[in-house]
Amino acid sequence: MKKREKLALIRAHYPNAITTIDSINRLIDFVEERLDLEPSQIMLADSICSDDVNSIQYPVRAGEFLGPFKMGGLDGFPFTGLTGMGAFASHVPDEGAVFVYYGPHIGISKEGIVGEIHRYGQHKSSACCGAAKGALNKLMNDAIIPGNLNDMDYQMNTIEQILFKEKARILAAIQPLKEATEVIYEAIDERINVLVSQTKYTCKHVILLGAIHINSDTNIGSFTSAKRFELINLATNERQNLMEEFLK
Ligand SMILES: [Zn+2]
């Protein structure tokens, strides 16, 4: 499958999607040209689902950054919290920057089925994100107990509670899984911004790239549908919205 065919498949659902490889290439160009830094001065933290597909499809060139520090648990919610953000904030080179890539993920198979991908070596496709789909099934079956956060399945219960708060919105949507993914993005984005505001950094900049992360079949790869691309100057607290620059 050619790159333009892969993009057409994904853009039918996420019109601004680019390949994750291209998003990392753009990021590297950005830090070199706009911040005059080397990728090795950037501490990468990601808050994406712990699903093995995200390790398998991790772009090789991301290895030019330091890290990654893994903030995410199920469906990318930043479960490592203030301690996690404080940890990598204290590991970043003095003249460098922190780059956080965050968001929930959703599968789109080669056949265009949303919420499924074909994984290597398997006969059948499987759920992606499995946690989001599981929580959505419970929501549809009235099986989520408000306020339930059990130690044995704490991360899953957290995803369930996020969806439960937007039950009417999700169930009214034409594509409930896609809407649930938007709801989870909003919860992650809000939490990341609170974590950033409550963390002390020794470096100069924080770069935020918030997105719906899209996985497809093994031979198609992964994609980024950006929702926020911002540069925060830590000396002045000034925030620059760079979405247009990122998407052009
Ligand atoms: Zn997942």
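## Three helices and a few odd spots

Let's start with helix 8, where L177, A180, T181, V183, I184, Y185, A187, I188, I192 and L195 are buried. Keep in mind that this is a predicted model. Helix 8 runs over residues 176–197. It has 22 residues and reaches 32 Å from its first C-alpha to its last, close to the 32 Å expected at 1.5 Å a residue.

Two other helices pack against helix 8, and they also meet each other. In general, a packed pair is described by the angle between the two axes and the distance between them. Here are the pairs side by side:

| Helix pair | Angle between axes | Axis distance |
|---|---|---|
| Helix 6 and helix 8 | about 105° | 9 Å apart |
| Helix 5 and helix 8 | roughly 110° | within 10 Å |
| Helix 5 and helix 6 | roughly 55° | within 9 Å |

Take helix 6 (residues 154–164) and helix 8 to begin with: their axes pack at about 105°, so the two are roughly perpendicular to each other. Which residues of helix 6 meet helix 8? They are I159, I162 and L163, and their partners in helix 8 are A180, V183, I184 and A187. By class, this contact has seven nonpolar residues, no polar ones and no charged ones. Of the partners in helix 8, A180, V183, I184 and A187 are also among its buried residues.

Now for helix 5 (residues 130–140), whose axis crosses that of helix 8 at roughly 110°. That makes helix 5 roughly perpendicular to helix 8, and the crossing is right-handed. On the helix 5 side you'll find A132, K133 and L136, which meet P176, L177, A180, T181 and I184 in helix 8. This contact is a bit of a mix, with six nonpolar residues, one polar and one charged.

That leaves helix 5 and helix 6, with axes crossing at roughly 55°. At that angle, helix 5 is oblique to helix 6. Their crossing is right-handed. Here A131, A132, G134, A135, L136, K138 and L139 in helix 5 meet M156, I159, E160, L163 and F164 in helix 6. The classes come out as nine nonpolar, one polar and two charged.

Some spots in the backbone deserve a look too. Most peptide bonds are trans, and most residues other than glycine have a negative phi. What kind of peptide bond joins G67 and P68? It's a cis bond, with omega about 5°, and P68 sits in strand 3. Another cis bond joins C128 and C129, with omega about 0°. C129 belongs to the loop between strand 7 (126–127) and helix 5.

As for phi, D75 has a positive value of about 50° although it isn't a glycine. D142 also has a positive phi, near 55°. Is each of these buried or exposed? D75, in the loop between strand 3 and helix 4 (81–89), is buried because 33 other C-beta atoms lie within 10 Å. D142, in the loop between helix 5 and helix 6, is exposed, since it has 8 other C-beta atoms within 10 Å.

Finally, back to strand 3 (residues 66–70), the home of L66. L66 is buried, with 20 other C-beta atoms within 10 Å. Leaving aside neighbours within four places in sequence, L66 is in contact with S40, I42, M43 and L44. L66 and P93 are 27 residues apart along the chain, and their C-alpha atoms are separated by 9.4 Å.

Key
Residues numbered from 1 in each chain as written. Predicted model: local features only at pLDDT ≥ 70, side-chain atom pairs only at ≥ 80, totals over all residues. Helix = DSSP H or I, 4+ residues; strand = E, 2+ residues; numbered from the N terminus. Buried ≥ 20, exposed ≤ 12 C-beta atoms within 10 Å, placed from the backbone. Contact = placed C-beta atoms within 7 Å. Axes fitted to C-alpha atoms, helices over the stretch in contact; angles between N-to-C directions. Parallel < 35°, antiparallel > 145°, perpendicular 65-115°, else oblique. Nonpolar A, V, L, I, M, F, W, Y, C, P; charged D, E, K, R; others polar. Left-handed = near helix turned anticlockwise from the far one by under 90°. Expected span 1.5 Å × (residues − 1).
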